[in-house]
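Grab a pencil and work through these exercises with the model open beside you. Each one sets a task and then walks through a solution.

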Amino acid sequence: MVHLLDLPDELLIQICGAFPQADISDIKSCRLSCQRLCAASSHLLVPLVAVDCRKASLERFTKILHHPTISRGVRIVRVPIHSYRHELSDLCASFVKFVVEPALHARAAHDHHRRAALCFFRRYLDGHGDGTPLEHEDSLWLRALRLVHGEYRRLYREQEALRSEGTFVDTVALAVATMPRGTVLIYDDKPCSTLDAASLQVLVREHCRLLGLDPSAWRPIWYEMLSPTTWTDLVRDDFGWEAFAPDPAFQEPQMDFILELPGAIARAGGQVHDMRFDLSCETPLRHLGSGVATRSHLASATQQLQAFTLISHQPQTETLTHDYASSVLARTPNLGFLRLDIASPGSHPDILVSRLWPRLQNIHLAGVQLTLPDLVAFLDGLPAYVENMRLSSVHLMQGSWADALEALRQKSYGSFTVEDPRGSEAEHVGVAFETGGNGPGDRFVKRVRVPGGLSPAEAFVRRVTDTNPCQS
């Protein structure tokens with residue numbers, strides 16, 4: 001009988017690599033079992049590394065990617081699209097209104113210390129924080145405010161230095177170029193989770209020493225106060241940024257430097273094989289990557305791209321052009337995976353048409369708006385056989401779904417799905433809407449299927465039947 005440890009190291013590494021990446025506990029347990037399995041699995045400990053425009057984050061990032069063992073398993077680099085704001089750094093009143101007050105308000109219901117702090121900061125916004133004699137407790141809160149705002153200003157200045165001097169882009173690009181495995185680059189606007197814990201604890205201890213409070217209770221509030229602003233905050237209608245935003249470019253932070261990373265990585269000798277955008281809204285793409293130089297560098301830097309994902313969760317009120325996404329996909333003959341999940345209204349043909357993707361096998365389009373000529377042009381650039389195509393809530397703005405199904409039928413598919421189509425004759429594409437749910441106006445989707453679990457449209461496109469459901 002062959003035992004596990006009788007296998008050569010190469011097979012042990014492959015076996016450990018088959019563990020689900022989402023469950024690091026299996027890797028940790030494997031490392032503790034014996035020296036050989038420890039050596040075969042240690043490189044899988046850190047598959048994803050996040051890096052943002054702070055010195056501490058950059059140092060941690062380079063340290064991980066220069067580690068002789070751990071760096072071999074890093075495949076994904078996450079870059080949050082957010083920033084420390086000059087308005088919040090320069091104006092203490094803005095910092096109180098948009099950072100301190102929301103952080104306290106969310107946790108003030110059952111804590112009298114936080115309620116007291118919230119009352120002071122509201123008085124501060126009303127003008128009683130400047131020039132008016134303060135009570136002893138108020139003076140302590142004011143000292144605490146100056147302390148945390150001073151730290152925010154330091155982080156802002158640090159960010160601007162790393163940005164303007166090119167240090168962030170160059171350092172990240174050089175480190176990524178040394179990665180031995182294919183690089184996945186993820187951009188998102190989720191809250192940052194990489195604040196330096198050691199420096200934060202020092203600040204929290206100083207705050208609590210001033211006010212005589214429990215550090216463990218105040219640490220999450222300080223963490224929230226010192227986190228950068230996300231795009232979700234900027235597009236919230238109820239946030240009221242305009243009240244403290246004298247700069248007309250307030251909603252357009254200088255973040256193009258982050259999106260210069262693919263070109264910088266290519267110049268350093270590395271390659272990005274998979275790019276993903278997971279955004280709360282499309283606002284970042286409207287403001288980022290619109291420069292001619294950026295688009296030109298992107299087109300040359302992403303020629304080896306094999307996968308591209310753009311997900312936008314929140315609809316916007318205007319049509320967006322997606323200059324950045326169009327530039328990324330300008331010349332990508334090796335693209336094999338494409339997902340566009342776009343919630344905003346408006347047409348998005350520039351991303352899809354006039355492309356040649358002879359290797360594209362997995363396609364998921366959701367919320368995309370196209371005309372029939374756009375769809376035909378997109379299909380013309382695909383191979384004769386597509387492994388998987390999924391169309392969800394695709395809106396055909398010009399032309400009929402009868403003609404669209406005929407065009408889709410010209411390809412062969414391993415799997416084809418169409419869900420909730422929009423536009424002319426969409427009601428015949430195997431989907432029926434019926435009243436249901438919890439109240440008036442609610443609806444659920446009831447799909448009419450044929451043998452094999454396919455809707456009539458799917459059966460027609462896959463040549464199971466010859467009847468076009470839009471013409472029957």
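Two strands pair if DSSP finds at least two bridges between them. Helices (H or I, at least four residues) and strands (E, at least two) are DSSP runs, numbered from the N terminus. This is a predicted model, where local features need pLDDT of at least 70 and side-chain atom pairs count only at pLDDT 80 or more, while totals for chains, interfaces and linings use all residues. Residues are numbered from 1 along each chain as its sequence is written, and side-chain values use heavy atoms, with hydrogens and water left out.

**Exercise 1. Work out which strands flank β2 and how they run.**

Step 1: start with β1 (residues 48–50), which pairs with β2 in the parallel sense over three bridges. To find the register, look at valine 49, whose bridge partner in β2 is valine 77.

Step 2: trace the connection. From β1 the chain passes through helix α4 (residues 55–65) to reach β2, and this β-α-β crossover is right-handed. Right-handed here means that, with the strands pointing away from the viewer, the path from the first strand over the helix to the second runs clockwise.

Step 3: add β4 (residues 183–188), which is joined to β2 in the parallel sense over five bridges. Isoleucine 76 has valine 184 as its bridge partner in β4.

**Exercise 2. Decide why β2 counts as largely enclosed.**

Step 1: set the scale. Buried means under 20% relative accessible area, exposed over 50%, and partly exposed in between (1.4 Å probe, protein chains only).

Step 2: apply it to β2 (residues 76–80). Five of its five residues are buried, so the strand is largely enclosed by the rest of the structure.

Step 3: sort the side chains. Ile76, Arg78 and Pro80 point one way, Val77 and Val79 the other way, and all are buried.

**Exercise 3. Do the same for β9, partners included.**

Step 1: check burial. In β9 (residues 362–366), four of the five residues are buried, so this strand too is largely enclosed by the rest of the structure.

Step 2: find the partners. β8 (residues 337–341) runs parallel to β9, with five bridges between them, and leucine 340 stands opposite leucine 365. β11 (residues 385–392) also pairs with β9 in the parallel sense over five bridges, and here alanine 366 stands opposite serine 392.

**Exercise 4. Find the residues with the most contacts inside the largest nonpolar core.**

Step 1: define it. A nonpolar core is a set of buried Ala, Val, Leu, Ile, Met, Phe, Trp, Tyr and Cys residues joined through side-chain atoms within 4.5 Å.

Step 2: read off the members. The largest core has 75 residues, and Phe168, Tyr187, Phe308, Leu338, Leu340, Phe378 and Met389 touch the most other members.

Step 3: zoom in on phenylalanine 378. Contact means heavy atoms within 4.5 Å. Setting aside neighbours within four places in sequence, phenylalanine 378 is in contact with Leu338, Leu352, Trp357, Ile363, Leu365 and Met389.

Step 4: don't miss the second, separate core of 36 residues, which includes Val100, Leu200, Val204 and Leu213.

**Exercise 5. Classify two aromatic pairs.**

Step 1: rings of Phe, Tyr and Trp (its six-membered ring) pair if their centres lie within 6.5 Å; planes under 30 degrees apart count as stacked, over 60 as edge-to-face and the rest as tilted.

Step 2: a search of the whole structure finds seven aromatic pairs. One of them, tyrosine 84 with tyrosine 152, is edge-to-face, at 5.2 Å centre to centre and 80° between the planes. These partners are 68 residues apart: tyrosine 84 is in the loop between β3 (82–83) and α5 (86–90), and tyrosine 152 is in helix α8 (residues 136–164). Tyrosine 84 is buried at 3% relative accessible area, and tyrosine 152 is buried at 0%.

Step 3: now take tyrosine 413 and phenylalanine 416. Their centres are 5.1 Å apart and their planes at 50°, so the pair is tilted. Tyrosine 413 is buried at 8% and phenylalanine 416 is buried at 2%.

Step 4: go back to the tyrosine 84 neighbourhood, where ring pairs link Tyr84, Phe95 and Tyr152 into a cluster.

**Exercise 6. Compare the settings of two positive phi values.**

Step 1: aspartate 420 has phi near 50°, positive in a residue other than glycine. Aspartate 420 is in the loop between β13 (412–419) and β14 (422–423) and is buried, with a relative accessible area of 15%.

Step 2: arginine 463 has phi near 65°, also positive in a residue other than glycine. Arginine 463 lies in the segment after α20 (456–461) and is partly exposed, with a relative accessible area of 46%.
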